[in-house]
Each structure stands twice: as structure tokens, then as C-alpha cells.
Amino acid sequence: MRHPRTAVSAVAGLGLALALGTAPAVAAAPSPVPAAQAGYSAYAGSSENAASNSAFFDAVMESVAEKRAANPGAQAVTVVYNATGAPSFRGQIASSASIWNSSVSNVKLQEGSDADFDYREGNDSRGSYASTDGHGSGYIFLDYAQNQQYDSTRVTTHETGHVLGLPDNYTGPCSELMSGGGPGPSCTNAYPDPAERSRVNSLWQNGLAAALARTAS
């Protein structure tokens, strides 16, 4: 949801700034929405964003693979998150996890310790985004103002989609979660479509097997 940046961290999903639907029911912005932030939906993404999205997914995948290598008897593939850094959005985060857990079968999201990524909140003119340092430490940042302008659960579920490996596709319809804000603020759909669900299942079946192989070598 944000514009690309060249900082140390690789930024993923920055584009959700053009992403999502109506004012959040839980999170309230502590300050007025700057006029400049009204242009979130104008953001069209870039090749840098796509590379950043991939880097974030790879970091989470490696983190999960390392933990599974240490506990080979684990049955479920679980991505663990920490939501303590985004208390205003706990409801949206829980809804996002529930949506993804009901939509895919090869990976599950679970809140807990020893997290693979965490959520944070605050004010950022670039909007919400997912970011990683490239070394297995990543987070999703939820911007107050953007979550007032767009549907907050859609924003959160969209950004979490980057954690699970999905890229942005702002030209898609509202029925496509990763179209983000492309369809405009009136779009409140927070569920991935069949193609997105299939893609996540494939990534966490085949991609994790490759990550486990790398971890074992």
C-alpha cells in the first residue's frame, strides 16, 4: 500500500495503498487524514514492489522451514504471527487469519510466540505494507488513515496474502483479493478468489518442500 522505498528492508505489498474498502470498525486514526493520502488508489505498483513481495514471502518460508526441520514430526504447516504490535487491529488480524485458514488447506496462520512475522500499526503517508529485512524478520504495517479510507479487513487480509506468497494485481476485479484498491474504496471483499486459493496451496506444498531441501543441505 505504499510507494517503494530504497531502505535496508525489502518492502512487500506496498501497493495496498490502492487497496481496500471502507472505514475500519475497530482502528481509529489518532490524527486527521492528511489530504495527500486521498491518492492511495492512484498507486499502480512496480517491478520493485513485486521483488519485495517475493523477498518477504521467501523470508517467511525459510523461517517456517527452519522450524519444521527442527521438529520434523509436525503435521501441519503453520505460519506463526505476533499481533501485539497492532492492538487497534486485533479484530481485523484475527478475521484475516480466519479467512485464510478457511480458504486454504496447505498452510495455517496462528498467533503465538516464536513468530515468523508480526503486525505493527501507526501513521505512514505511504499506507500499509509488508516488509522484511531479508533475514527471516518481517512485519506487516497497518496505516491508520488508509484503514479509515478502505475496508480494514480487506487491507489486512490483502497484506497477509503477501506473507503467503501472492503478488499484487491492481487491474483485477473486486472479487480478487490481491487487486487491492484497484476496484476503489467501495470494494469490501476480504476473501481470496479460487485462483488465489489454489496458488497459495501450491506454493506451500511445492515451495516449502524446496525450502526444506535447502535447509537440510
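Author: In this predicted model, a residue counts as buried when its relative accessible area is under 20%, as exposed when the value is over 50%, and as partly exposed in between.

Reader: Why, then, is Arg126 called partly exposed, and what is its partner Asp124 called?

Author: Arg126 has a relative accessible area of 23%, which lies between the cut-offs of 20% and 50%, so the term partly exposed applies. Asp124, at 10% relative accessibility, is under the 20% limit and therefore counts as buried.

Reader: What makes the pair of Arg126 and Asp124 a salt bridge?

Author: The rule asks for a side-chain nitrogen of Lys or Arg within 4 Å of a carboxyl oxygen of Asp or Glu. Between the side chains of Arg126 and Asp124 the N to O distance is 2.8 Å, which satisfies that limit, so the pair is a salt bridge.

Reader: How many salt bridges does the structure hold, and which residues make the others?

Author: The structure holds three salt bridges. Arg120 meets Asp118 at 3.0 Å, N to O, and here Arg120 is partly exposed, with a relative accessible area of 37%, whereas Asp118, at 19%, is buried. Arg90 meets Glu111 at 2.8 Å, N to O. That pair links distant parts of the chain, since Arg90 lies in helix α2 and Glu111 in strand β3 (residues 108-111), 21 residues apart. Both of these side chains belong to partly exposed residues, with relative accessible areas of 37% for Arg90 and 36% for Glu111.

Reader: How do you know that Cys174 and Cys187 form a disulfide, and what is its handedness?

Author: The sulfur atoms of Cys174 and Cys187 are 2.0 Å apart, and because a disulfide is a pair of cysteine sulfur atoms within 2.5 Å, the pair qualifies. By this rule the count comes to one disulfide. The torsion about its S-S bond is about 90 degrees, so the disulfide is right-handed. Cys174 and Cys187 each lie in the loop between α4 (152-163) and α5 (194-216), so the bond ties together parts that are 13 residues apart in sequence. Cys187 is buried, at 3% relative accessible area, while Cys174, at 28%, is partly exposed.

Reader: Why is helix α4 described as enclosed, and how does its span compare with the expected one?

Author: Of the 12 residues of α4, 11 are buried, so the helix is largely enclosed by the rest of the structure; among the buried residues are Arg154, His158, Glu159 and His162. At 1.5 Å a residue, α4 should span 16 Å, and its end C-alpha atoms are 17 Å apart, which agrees.

Reader: What caps the N-terminal end of α4, and which residue with a positive phi follows the helix?

Author: Asp151 is the cap, with a side-chain oxygen 3.4 Å from the backbone nitrogen of Thr153, a distance that falls within the 3.5 Å allowed for a polar contact. Gly165 follows α4, and its positive phi is near 110 degrees.

Reader: Where in the chain is confidence lowest, and where is it highest?

Author: The mean pLDDT of the chain is 77, and 69% of its residues reach 70 or more. Confidence is lowest in strand β1 (residues 10-12), at a mean of 40, and highest in helix α2 (residues 90-103), at 98. Over residues 1-44 pLDDT stays under 50, although the model has 179 contacts beyond four places in sequence for that stretch.

Key:
Residues numbered from 1 in each chain as written. Predicted model: local features only at pLDDT ≥ 70, side-chain atom pairs only at ≥ 80, totals over all residues. Heavy atoms only, no water. pLDDT = per-residue confidence, 0-100. Helix = DSSP H or I, 4+ residues; strand = E, 2+ residues; numbered from the N terminus. Contact = heavy atoms within 4.5 Å. Buried < 20%, exposed > 50% of the residue type's maximum accessible area, 1.4 Å probe, protein only. Expected span 1.5 Å × (residues − 1). Polar contact = N/O pair within 3.5 Å; in protein donor to acceptor, adjacent residues only side chain to side chain.
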